[in-house]
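Here are my notes for anyone opening this one for the first time. Have the viewer ready and follow the points in order.

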Amino acid sequence: MNNVYYGKLIFELSKEGRCGYSLPKNELGQYKLEDMPAHLMRDEAPALPQVDELTVVRHYTNMSNNNFGVDTGFYPLGSCTMKYNPKINEEMCNHHAFTGLHPLQDPSTVQGALEVYSNLQYSLAEISGLSEFTLNPFAGAHGELTGLMVMKSYHLSRGDEKRTKVIIPDSAHGTNPASAAVCGFNVVVVKSRPDGTVDVEDLRPLLDDTIAGMMMTNPNTLGIFEHNIAEIAQLVHEAGGLMYYDGANLNPMLGMCRPGDLGFDIMHINLHKTFSTPHGGGGPGSGPVGVREGLEQFLPNPRVVADEETMSFKVVSNDESLGSVSGFLGNFGVIMRAYAYILTLGKENLRMVGPLATLNANYIKECLKDCYELPIEGVCKHEFVFDGLKDKSTEVTTLDVAKRLLDYGYHAPTIYFPLLFHQALMIEPTENESKETLDGFIEVMRTIAREASETPELVKTAPHNTPVRRLDDTLAALHPVVTYTELVADNQ
Amino acid sequence: MNYKYFPHTDEDIKSMLDKCGLKSLADLYEDIPGELVLHRDYELPEEMSEVEVRKMFDELGEYNQTLNCFIGAGVYNHYSPSVINAILSRSEFLTSYTPYQAEISQGTLQYIFEYQSMMAALTGMEVSNASMYDGTTATAEAMMMAVANAKKRNKVLISDTMNPIVTRVVETYAKFHGIVVEHIAAVDGVTSREDFENKVSQGDVAGVIVAAPNFYGIVEDYTGWADTCHDNKALFIMNCNASALGVIKTPGEWGADVAVGDGQSLGIPMNFGGPYVGYLCTSKKLIRKMPGRIVGATKDMDGKRTFVLTLQAREQHIRREKATSNICSNQSLMALYVTIYMALMGKQGLKEVNALSYSNAHYLADELCKLDDFELAYPGKPFLHEFAVKYKGENINELLDTMLDAGIQFGLKIDDHTLLLCATETLSKDDIDDAVCICEGFQNIDK
């Protein structure tokens, strides 16, 4: 990363008459766009920039230099599993035999692509202990929504229309209640115990025949394994509900534990977390959804199935399905990367992912718990939460610590989530980081804790060495300027 | 242990476990009841070297056929400048996440701001969000936005000239969200104005969704539609082909409240269906009802112009079950894709792409209609790069198979006598002549 701010906008580099493309000559100039009825055409060309190719290349290259990625440095962003994105995955997803396929091409001409899709479906089912997967959902939140649609379809298929509620722990990711609401469910919140796990006694009275199911992530957002999971699943099942597994925290389970074996009926997986596909600055992701035997028919259309008889793959739709949540078969480019990852690791390395990610998290926790407040003792899984600095006399907040970390060349952990702790600082190192990297981070975190006591102003005014300093969020929200046109008008 | 993605030596593991007061990696899972632990290997293949992985994908690729593409139906084979992939592969963009730490994410924030600006310019709308998954889900989000905006209404109208793939997703979201979707009939390939006016005037409609160009490639005339919607307190929502917006009348000019669609036509490779990018633009008045992330301009402590995620009070992580959308990210890298595309193509390039596609499609239509077996399904209706033809022969499947044998995907079969055909600038006159020649030859067989 370059700490000198670039900051220009492409519109500011534009000059009338420049262009950055080349197109074939029109051999059929007798057919003229100008023959279209004028009242159906736009009055003026869109106000897009006019720039030459090198200007475009330099502009976005300079812009990228003000960005921090996993390839730049340690990115312990809790709950996001910022693991290494292997380069071979990128090479495979750009394979020329796949990128030029139209999604509605005749199935006989896309058998290789369908085989990749089918093999990944199978691999995820095996890793999850579930029966079948769809790879159509585009992201984690989209997977949640799809999974909840499966849940609702299941109840409605039995004529059970009174199940309108979904139980969600207070520690859950914000998308869980939002997905439930979009799916037309009411949300019932179940409390956590002081050790961060779901309070089974609080859960019992919530269970009746209006409950469609329960959404959980395990380990939960505090990185704690829900050790009562078997009992919880049994209680929910006895009440007629289904168990939904939010796969955001699947990474520590790789090789050790399968959601299907824990009693979950439906789940999504974030391929951009557990299966190493790049986060791309916020997307594209992929959120495959898996179900237990007996729920397969509700998965979204279209589906890819292997036809044993003809030894080929088919794209099918069925009437019992919940419907469609995507135009085609999801983010195929992301699916290609995840399949390359699974092939590359193989079963012998996949089983090491969970333990090493968990080892890294516990090591950081143990090395820092004398300077940062550890609200929940004991072994964590792939991530854990500190509740701010141990020394509460300094007025230095979690936000300040996060910003100071940027000065030292680290991405900050997730902050102020989960909501259970006021100064939450959620750290997830992933399995790819070496002991030396972790030791470097630990050293810096200890330095910041010392600075908080000795020179608190230095921390409270951080960052100092980044391309830009702290931003005025309030100005942006009170006076939203969201396009270049508005920006120009604003400057006048 | 010795594996390229795991830096841990045996010694590292031992000293780290020591620090944690543990003896083995298994101890890290001592809190999990034994019967829940997986005590076997996954039934999956063993580790593959890069040599083997490459070979595997090469072999799988042999079962695919990249065809000469006369099919569109929502996904278009446009020219994709080589600059774009080169920039997208920069790991500073590729391996970052949502720009939560704005001080080290100005790259992402800046290109999203550019994306929003360009999409607003392209659609003629005032504001754009930071992008969505794809065009189908963006349209479903626009529907939910209309219903949330109307408060007490839960009905939405959708034109029968909408791409049925979009309609299917919209109807799925509607079913679960408790929204009633009614169709507006299509007459002669265009939306029935009469049916629209009858249905929207019932007083219970939150939004009306139409397409431009529509599924059959026709550019419909929506003069007065926005006014009729507004008179009846419904939002007017237009799903538009992004590339075509470079030349056709914009949602902004038609008076639409929301413009949505897929950005794939802005140079994104077809990639067997994804990743693409959905766009959603609206008026400043409705910005707080808009789903998805938004980037805004602001200043840093030193007064520098900077960019930041803003208006987050609308979003799921704040509103949780009160949110009207569960979107928690954007399709960032693909937003960057179309941003660079629009930067390169600029004002003139999009027009040229449309002009070339127009020429190719109209030449194809003319040449086909010279044959006895073909005629336009909707003669006289204006189209750009896509159109429906009637096929009067008996064996359309054989025709399509003959085309496949020649390496051509000859459109989308709508029914046994209708094909939806498309020609973009990536086809040459020779490509078109070859396809027409096959049709001509086939004509004599298919009697």
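1. Where is Ser243(B) found? Look in the loop of chain B between β8 (235-240) and α10 (251-254). Bear in mind that this is a predicted model. Ser243(B) is buried, since its relative accessible area is 2%, and buried means under 20%. Setting aside neighbours within four places in sequence, Ser243(B) has contacts with His78(B), Ser265(B), Leu266(B), Leu350(B), Val353(B) and Asn354(B).

2. Next, the domains. Chain B splits into domain 1 (68-77 + 345-445) and domain 2 (82-341). Their C-alpha centres lie 29 Å apart. Where they meet, 23 residues of domain 1 of chain B are in contact with 25 residues of domain 2 of chain B.

3. Chain B also has an open sheet of 4 strands, paired antiparallel in the order β13-β14-β17-β16. β13 (374-376) and β16 (412-415) of chain B are at the edges with a single partner strand each, so one side of each has no neighbour in the sheet. On average, and ignoring direction, neighbouring strands here are turned by 35° against each other. Helix α12 (residues 332-369) of chain B packs on this sheet and touches β13, β14 and β17 of chain B. The direction of α12 makes about 130° with that of β13(B).

4. Zoom in on one pairing from that sheet. Strands β14 (residues 386-391) and β17 (residues 418-422) of chain B run antiparallel to each other, with 5 bridges between them. One spot to click on is Glu386(B), which stands opposite Cys422(B) in β17(B).

5. Just along from there, Ser428(B) sits in the loop between β17 and α14 (429-445) of chain B. Is Ser428(B) buried or partly exposed? Ser428(B) counts as partly exposed, because its relative accessibility is 25% and the partly exposed class runs between 20% and 50%. Ser428(B) and Asn360(B) are 68 residues apart along the chain, yet their C-alpha atoms are separated by 7.7 Å.

6. Over to chain A, where an open sheet of 3 strands has the order β10-β12-β11, again with antiparallel pairing. β10 (384-387) and β11 of chain A are the edge strands, each pairing on one side only. β11(A) pairs with strand β12 (residues 424-427) of chain A over 2 bridges, and Thr414(A) has Met426(A) in β12(A) as its bridge partner. Helix α9 (residues 332-368) of chain A lies across β10 and β12 of chain A, at about 20° to β10(A).

7. Now the aromatics: the structure holds 30 aromatic pairs over all chains. Take Phe74(A) and Tyr410(A): their ring centres are 6.3 Å apart and their planes are at 90°, so this pair is edge-to-face. The pair links distant parts of the chain, 336 residues apart. Phe74(A) is in the loop between α1 (53-64) and α2 (87-93) of chain A, and Tyr410(A) is in the loop between α10 (398-407) and β11 (414-415) of chain A. Both Phe74(A) and Tyr410(A) are buried.

8. Some ring contacts involve both chains. Phe98(A), Phe332(A), Tyr339(A), Phe57(B) and Phe272(B) are linked by ring pairs into a cluster. The charged end of Lys381(A) sits over the ring of Tyr29(B), 5.3 Å from the ring centre. Within chain B, the charged end of Lys249(B) sits over the ring of Trp254(B), 4.8 Å from the centre of that ring.

Terms used
Residues are numbered from 1 along each chain as its sequence is written. Chains are lettered from A and ligands numbered from 1 in the order in which they are written. This is a predicted model: local features need pLDDT of at least 70, side-chain atom pairs count only at pLDDT 80 or more; totals for chains, interfaces and linings use all residues. Side-chain values use heavy atoms; hydrogens and water are left out. Two strands pair if DSSP finds at least two bridges between them. Axes are lines fitted to C-alpha atoms, for helices over the stretch in contact, and angles run from 0 to 180 degrees between N-to-C directions. Contact means heavy atoms within 4.5 Å. Rings of Phe, Tyr and Trp (its six-membered ring) pair if their centres lie within 6.5 Å; planes under 30 degrees apart count as stacked, over 60 as edge-to-face and the rest as tilted. Buried means under 20% relative accessible area, exposed over 50%, partly exposed in between (1.4 Å probe, protein chains only). A charge sits over a ring if NZ of Lys or CZ of Arg is within 6 Å of the ring centre and within 35 degrees of the ring normal. Domain bounds come from an automatic or database domain assignment.
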